[in-house]
Amino acid sequence: MLDVCGAPALTGRVVSQAAGRAGGSAPVVAVLGAAGKSGSLSTVAARRAGAGRVIGVVPSEAEAATLRAAGLADEVVIADARDPVALAAAVHGAGGPAAVTVVCVDVPGCEGGAVLATADGGTVIFFSMATSFTAAALGAEGAAADVTMLIGNGYVPGHARLALDLVRCEPGVRGLFEARVSEDARDGKVEA
């Protein structure tokens, strides 16, 4: 968990700033990879920071069921984050476009979809090490998208404390983490 604790901290900061710029209007936030470690933490951080609607994007029905059971997102959509048109349509259909889009998936090719899912004047936060910043910049330019793009560098002051607090205080996040640890122990990936 501490390997991804920068994601919820930066998400919280950016969502809080977006709410302030919108005159107190609660922003829509889309989290790609919302059922994963950084994604689940980011959904809760977004809500705590004032998001009005959190859209969780996952690639499969199994992950969608997990995310719905955890209750972390207002809307859960299934979309391939590598398909820009389908991803944008899914986010728009769930109440988007997003004022803030958080990319927490480690597969290449998600840049265009994240940009298209984000409203003009919005922000895309890239936490994926698979992100091509050339593709993100040129894709945004080619789509005439007026978005700010941030690279999550993994450090925000207080990030570890925030992540631990989210796991301790948010039953949905705690449940996701406990299930993942149990599954990894069962598969021999970690010692229980």
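For sorting the residues that line a pocket, Ala, Val, Leu, Ile, Met, Phe, Trp, Tyr, Cys and Pro count as nonpolar, Asp, Glu, Lys and Arg as charged, and the others, Gly among them, as polar. On that basis, the lining of the second largest pocket splits into four nonpolar, three polar and five charged residues. The structure is a predicted model, and its pockets make a handy place to start.

The second largest pocket holds about 210 Å³ of space. It is lined by 12 residues, of which Ala35, Thr66, Leu176, Arg180 and Glu183 come closest to its centre. Two or more lining residues come from each of α2, α3 (61-70) and α8 (171-186). Helix α8 is the top contributor here, giving six residues.

Next comes the largest pocket, with a volume of about 550 Å³. Its lining is made up of 31 residues, and those closest to the centre are Ser38, Cys104, Val105, Asp106 and Phe127. The elements supplying two or more of the lining residues are α1 (6-21), α2 (37-48) and β2 (53-58). Sorted by class, this lining has 16 nonpolar, eight polar and seven charged residues.

Turning to the interior, the largest nonpolar core counts 36 residues, and Val29, Leu67, Val100 and Val102 have the most contacts inside it. Quite a list of elements puts two or more residues into this core: the helices α1, α2, α3, α7 and α8, along with the strands β1 (28-32), β2 and β4 (98-103). The largest share is that of α1, which provides six residues. A separate core has 24 residues, and Ala90, Ala94, Ala98 and Phe126 are among them.

Val102 gives a feel for the packing within the largest core. Setting aside residues up to four places away in sequence, Val102 touches Thr11, Val29, Ala30, Val31, Leu32, Ser42, Ile125 and Phe127. One of these partners, Val29, is also listed with Val102 among the residues with the most contacts inside the core. Another of them, Phe127, turns up again among the residues closest to the centre of the largest pocket.

As for aromatic rings, a search of the whole structure turns up one pair. It is formed by Phe126 and Phe133, whose ring centres are 6.3 Å apart and whose planes meet at 90°, so the pair is edge-to-face. What sets the two partners apart is their exposure. Phe126 has a relative accessible area of 2% and is therefore buried, whereas Phe133, at 39% relative accessibility, counts as partly exposed. Phe126 is also one of the residues of the 24-residue core.

Two further residues, both in helices, deserve a quick look. His159 sits in helix α7, which covers residues 159-169. With a relative accessible area of 16%, His159 is buried, because the cut-off for that label is under 20%. Beyond its neighbours within four places in sequence, His159 is in contact with Cys5, Gly6, Ala9 and Gly154. Ala185, for its part, belongs to helix α8. Its relative accessible area of 25% makes Ala185 partly exposed. Between the C-alpha atoms of Ala185 and Ala99 there is a separation of 38 Å, and the two residues are 86 residues apart along the chain.

Technical notes. Residues numbered from 1 in each chain as written. Predicted model: local features only at pLDDT ≥ 70, side-chain atom pairs only at ≥ 80, totals over all residues. Heavy atoms only, no water. 1 Å grid on protein atoms, 1.4 Å probe; cavity = no way out; pocket = protein on both sides within 12 Å on 5 of 7 lines; lining within 4 Å. Points joined across faces, edges and corners; volume = space filled by probe spheres on them. Helix = DSSP H or I, 4+ residues; strand = E, 2+ residues; numbered from the N terminus. Buried < 20%, exposed > 50% of the residue type's maximum accessible area, 1.4 Å probe, protein only. Contact = heavy atoms within 4.5 Å. Core = buried A, V, L, I, M, F, W, Y, C linked by side-chain atoms within 4.5 Å. Phe/Tyr/Trp six-rings, centres within 6.5 Å; stacked < 30°, edge-to-face > 60°.
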